[in-house]
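This report describes the protein shown below, beginning with the confidence of the model and then turning to its fold, its helices and its surface.

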Amino acid sequence: MLHTILFTVFSVVLIGSALMVVGARNPVHAVLFLVLCFFNAAGLFLLLGAEFLAFILMIVYVGAVAVLFLFVVMMLDIDFRELRQGFVRYLPIGAAVGFLLLVELITTVIAWVSVPVVTPPPLAGSVDNVHALGRVLYTDYFYPFQVSGLILLVAMIGAIVLTLRHKKDARRQRLSQQLNRPVGDVLDVQKIQPHQGVDL
């Protein structure tokens, strides 16, 4: 009973937040609703017993990708009103893509309902899915796993380069010049006699 209630709550919130991602006018709000989608999807993965996928979804997508989207949206000075002006022009293409996705979803549901699902018998001495996935990732797919990390590093550097702006009138600190300047240029030592002032 509790499993059914949690599944219903996670599913309803996931569908509602997914609709708000598409329908939100403010792009920052859309990214925040996307984070909510990821959290509810992680809850559904936990209910299915796939805790590794749930934690990866929260760590990678919520902790990295969604936050990166949020920073890029907030830092880039994009005129969203100008982007929305071409909505009517691309509406037929978007409707065609949406129709194709709907047909694929209906076909998938029909195939899933008509074909019986056969669960394999549990293996003797089997380990949990986190241990099994880690063993496969770091043995059979070690090099592709490392290459995917390099791709993410390149994507992070690209996002920093896109959002970095150099202002011509900004004053920047040059550490080499600051550390190598002579002491006489920054420090003036004066001998002050007792009970006498100094004219600055």
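## Model and confidence

The pLDDT is the predictor's confidence in each residue, on a scale from 0 to 100. The structure discussed here is a predicted model, and the mean pLDDT of the protein is 79. Of its residues, 86% reach a pLDDT of 70 or more.

Confidence varies along the chain. The lowest mean, 65, belongs to helix 4 (residues 80–84), whereas the highest, 89, belongs to helix 7 (residues 142–163).

## Overall architecture

The protein has 9 helices and 0 strands. Followed along the sequence, the pattern of elements is α-α-α-α-α-α-α-α-α.

The protein has 200 residues, of which 11% count as buried. About 17,200 Å² of the protein is exposed, and carbon and sulfur atoms supply 71% of that area. Among contacts between residues at least 6 apart in sequence, 57% join residues at least 24 apart.

## Helices 1 and 2

H3 lies in helix 1, which covers residues 2–23. H3 has a relative accessible area of 45% and is therefore partly exposed, since that class lies between the buried and exposed limits of 20% and 50%. The C-alpha atoms of H3 and L48 are separated by 9.8 Å, although the two residues are 45 residues apart along the chain.

Two residues of helix 2 illustrate burial. C37 is placed in helix 2 and counts as buried, because its relative accessibility of 8% is under the 20% limit. Leaving aside residues up to four places away in sequence, C37 touches L14, S17, A18 and V21. C37 and V62 are 25 residues apart in sequence, with a C-alpha to C-alpha distance of 9.5 Å.

N40 is also found in helix 2, and it too counts as buried, at 7% relative accessibility. With residues up to four places away in sequence again left out, N40 touches F10, V13 and L14. L14 is thus listed among the contacts of C37 and among those of N40.

## Aromatic pairs

How many aromatic pairs does the structure hold? There are 3 aromatic pairs in the structure. One of them is formed by F38 and Y61, whose ring centres are 5.4 Å apart and whose planes meet at 50°, so the pair is tilted. This pair links distant parts of the chain: F38 is in helix 2 (residues 27–47), Y61 is in helix 3, and the two are 23 residues apart. F38 is buried, with a relative accessible area of 16%, whereas Y61 is partly exposed, with 39%.

Another pair joins Y138 and F145, with ring centres 5.2 Å apart. Their planes stand at 70°, so this pair is edge-to-face. Both partners fall in the partly exposed class: Y138 has a relative accessible area of 49%, and F145 has one of 32%.

## A nonpolar surface patch

Which residues make the nonpolar surface patch? L46, F55, I56, I59, V60 and Y61 make the patch, which measures about 520 Å². Helix 3 (residues 51–75) gives the most to the patch, with 5 residues.

F55 is a member of the patch and is found in helix 3. At 42% relative accessibility, F55 counts as partly exposed. Y61 has a role in two of the features described here: Y61 belongs to the nonpolar patch, and its ring pairs with that of F38.

## Helix 7 and a long-range approach

L162 is placed in helix 7, the element with the highest mean confidence. Is L162 buried or exposed? L162 is exposed, because its relative accessible area of 66% is over the 50% limit. L162 and M75 are 87 residues apart in sequence, and their C-alpha atoms are 9.6 Å apart in space.

## Summary

In this predicted model, the protein has 9 helices and 0 strands, and 11% of its 200 residues count as buried. C37, F38 and N40 are among the buried residues. On the surface, the nonpolar patch of about 520 Å² receives its greatest contribution from helix 3.

Methods
Residues numbered from 1 in each chain as written. Predicted model: local features only at pLDDT ≥ 70, side-chain atom pairs only at ≥ 80, totals over all residues. Heavy atoms only, no water. Patch = residues over 30% accessible without salt bridge, like charges linked within 9 Å, V, L, I, M, F, W, Y side chains within 5 Å. Areas by Shrake-Rupley, 256 points an atom, 1.4 Å probe, with all protein chains shown as cover. Salt bridge = Lys/Arg side-chain N within 4 Å of Asp/Glu carboxyl O. Helix = DSSP H or I, 4+ residues; strand = E, 2+ residues; numbered from the N terminus. Buried < 20%, exposed > 50% of the residue type's maximum accessible area, 1.4 Å probe, protein only. Contact = heavy atoms within 4.5 Å. Phe/Tyr/Trp six-rings, centres within 6.5 Å; stacked < 30°, edge-to-face > 60°.
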